[in-house]
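Please look through the structure shown below with its sequence at hand. The paragraphs that follow go from the chain as a whole to a sheet, an aromatic pair, a helix with its surroundings and a few single residues.

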Amino acid sequence: MADTGGLSRARLHSEPLAAVSHRLLASWHRSQRYGVSLDEVAPVFSGTHDDESLFYRCGREVLNGLRDTLANEPVSMMLTDADGLVLDRVSADRELLAALDRVHLAPGFSYAEDQAGTNGLALALADQVPAVVRADEHYSLPLAGYTCAAAPVLDPLTGRVEGCVNLTTWSESSSDLLLALAQSAAGNTSAMMLARSQGQHPRRAPRGEVFRVETAHSGPGSGILDDLSPGWRSALGSAEAALAEHGSVLMVGEPGSGRATVLARALRAARPRGRILSAGAPAAWDVEAWLDLWTPELPKPDTAVIIRDVDRLPARAADALAELIRRAGHGVPVTVTASNYDDVPPALAGLLRTVVEVPPLRNRPDDIAPLALHLAGRVRGRQVTLTAAAERALREHPWPGNVGELATVMHKAAVRADVIGVHHLPPEVLSRTSHRLTRIETFERDEMIRVLSRPGITMNEAAEELGMSRATIYRKRDRYGITLRS
């Protein structure tokens, strides 16, 4: 690792470089690479954000409660999005607020590392773990008068970082409790989001995993890859061509669209008898153990590794991994997946030469039925069939979760029957609404679908069982976006 940025930063602030933590030094290096000024703070002003999101509403409510608790303390509490944009700021200390305005630590400004250099909220978002940056630990000199403590807020259902809670005070003030308060506020925000998300269960925090991909036929529906749509085959062909030419591919697309499966298939074509490992992004606290897995594997000539979801990698993991790949030499294929190119960490983006897009499942309607039958057959242990109505319902569903969602739906359906009809499909597949349903509305919608999807039922019979008039059924069917056809 070059030390230009770190040495310049340490010299200006009279800090011995050896005393600087690895995490802080890595952030200084990134700030220097981004071209952040040591002498001024000039973040970009956006001023736009979604103030109707569940994250924003819950976070703001938590901050308002915390403000009442800290009414007599010189502390400013802030909420940011995942990109470091300050969404909200509350404090009872007018002097502190005026000072923060002078360094643009205010709503509408981005305080990510590439804009403001090392600071508490930027470091917490980059590493995806809580962070405290005190006084001279900031990269830019104008921030040396402050201490910032921040904790990321995770979406309780997806595990993705939604943003962070940041607490800022004067550098000479006591900061011992700041981090604990930031972590508590972040946890309360996440808990409130869960409580208001219709009682769904939280997803487990992601943990890094490395596993062998034995063949190109390991993955949902991969046994029928050769029979899928032109969009899928085009992505596969582009990946194979890139690997043959220079061994570097970024596969972009929505989660669950089959990005890693395409790469596994392309790598298998390039290395018929080699080992293929697939590594998921680690939880922030697992980074060191996750990186240890790479050291013995990367130099092996018969091994290729797919790095999944690099847009979810903590910054320090991406930096260290890029350095390991460079040390291993040019013979290592660099094959990664992400939702889009812009979210790939810069350290890894510099190693990539070809970007290939995998279309989402909703844009490959001809793939839905073959994949559904394959997935259901694996669960059932024998061939299954779809009724015409069930196949039509599956094709018309937008599949926001792509093949992963389809696999879940078909698993639940296949355990019930060899011939899958609409009455075996969950209500979410058979309705579309533009607004969030209340629990009562959800129950009513599900009951309507349960009755209306029953084979052979007439509208008069459905009206009698539901206790509604035919006109009410038609009206509510439209309201709930029920796609069952008469």
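A residue is called buried when its relative accessible area is under 20%, exposed when that area is over 50%, and partly exposed in between, with a 1.4 Å probe and with protein chains only taken into account. The model is predicted, so that local features need a pLDDT of at least 70 and side-chain atom pairs count only at pLDDT 80 or more, whereas totals for chains, interfaces and linings use all residues. Residues are numbered from 1 along each chain as its sequence is written, and side-chain values use heavy atoms, with hydrogens and water left out.

Of the 486 residues of the protein chain, 52% count as buried. The accessible surface of the chain, computed by the Shrake-Rupley method with a 1.4 Å probe and, for residues, with only the protein chains shown as cover, comes to about 22,500 Å², and 50% of this surface belongs to carbon and sulfur atoms. The secondary structure comprises 18 helices and 13 strands, where helices (H or I, at least four residues) and strands (E, at least two) are DSSP runs numbered from the N terminus. If a contact is taken to mean heavy atoms within 4.5 Å, then 70% of the contacts between residues at least 6 apart in sequence join residues at least 24 apart.

The sheet is a good place to begin. Strands of a sheet pair through backbone hydrogen bonds, either parallel or antiparallel; two strands are counted as paired here if DSSP finds at least two bridges between them. Five strands form an open sheet in the order β2-β1-β5-β4-β3, and their pairing is antiparallel. At its edges are β2 (86–90) and β3 (131–134), each of which pairs on one side only, and the twist from one strand to the next averages 20 degrees. Within this sheet, β1 (residues 75–81) and β5 (residues 161–170) are joined in the antiparallel sense over seven bridges, and Thr80 stands opposite Cys164 in β5.

Two helices can be followed against these strands, with axes that are lines fitted to C-alpha atoms, for helices over the stretch in contact, and with angles that run from 0 to 180 degrees between N-to-C directions. Helix α3 (residues 54–69) packs on the sheet and touches β1, β2, β4 (146–154) and β5, its direction making about 175 degrees with that of β1. Helix α4 (residues 94–102) lies across β1, β2, β4 and β5 and runs at about 115 degrees to β5.

The structure holds two aromatic pairs, where rings of Phe, Tyr and Trp (its six-membered ring) pair if their centres lie within 6.5 Å, and where planes under 30 degrees apart count as stacked, over 60 as edge-to-face and the rest as tilted. Which description fits Tyr146 and Trp170? Their ring centres are 5.7 Å apart and their planes are at 20 degrees, so the pair is stacked. This pair links distant parts of the chain, with Tyr146 in strand β4 and Trp170 in strand β5, 24 residues apart. Tyr146 is buried because its relative accessible area is 8%, and Trp170, at 18% relative accessibility, also counts as buried.

Further along the chain, the buried residues of helix α10 (residues 287–297) are Val287, Trp290, Leu291, Trp294 and Glu297. They cover an arc of only 120 degrees around the axis, which puts them on the same side of α10; the arc is that of the directions from the helix axis to the C-beta atoms. The cover over these buried residues includes β8 (275–279), β9 (303–307) and α11 (315–328). Strand β8 is itself covered on both faces, with Arg275, Leu277 and Ala279 buried on one side and Ile276 and Ser278 on the other. Strands β8 and β9 run parallel and are joined by five bridges, and Arg275 stands opposite Thr303 in β9.

Some single residues complete the tour. Ala135, in the loop between β3 and β4, has a positive phi near 40 degrees although it is a residue other than glycine, and it counts as partly exposed at 22% relative accessibility. Asp309, in the loop between β9 and α11, likewise is not a glycine and has a positive phi of about 55 degrees. In helix α2 (residues 22–34) is Ser27, which is buried with a relative accessible area of 0% and, leaving aside its neighbours within four places in sequence, is in contact with Glu113, Thr118 and Leu123.
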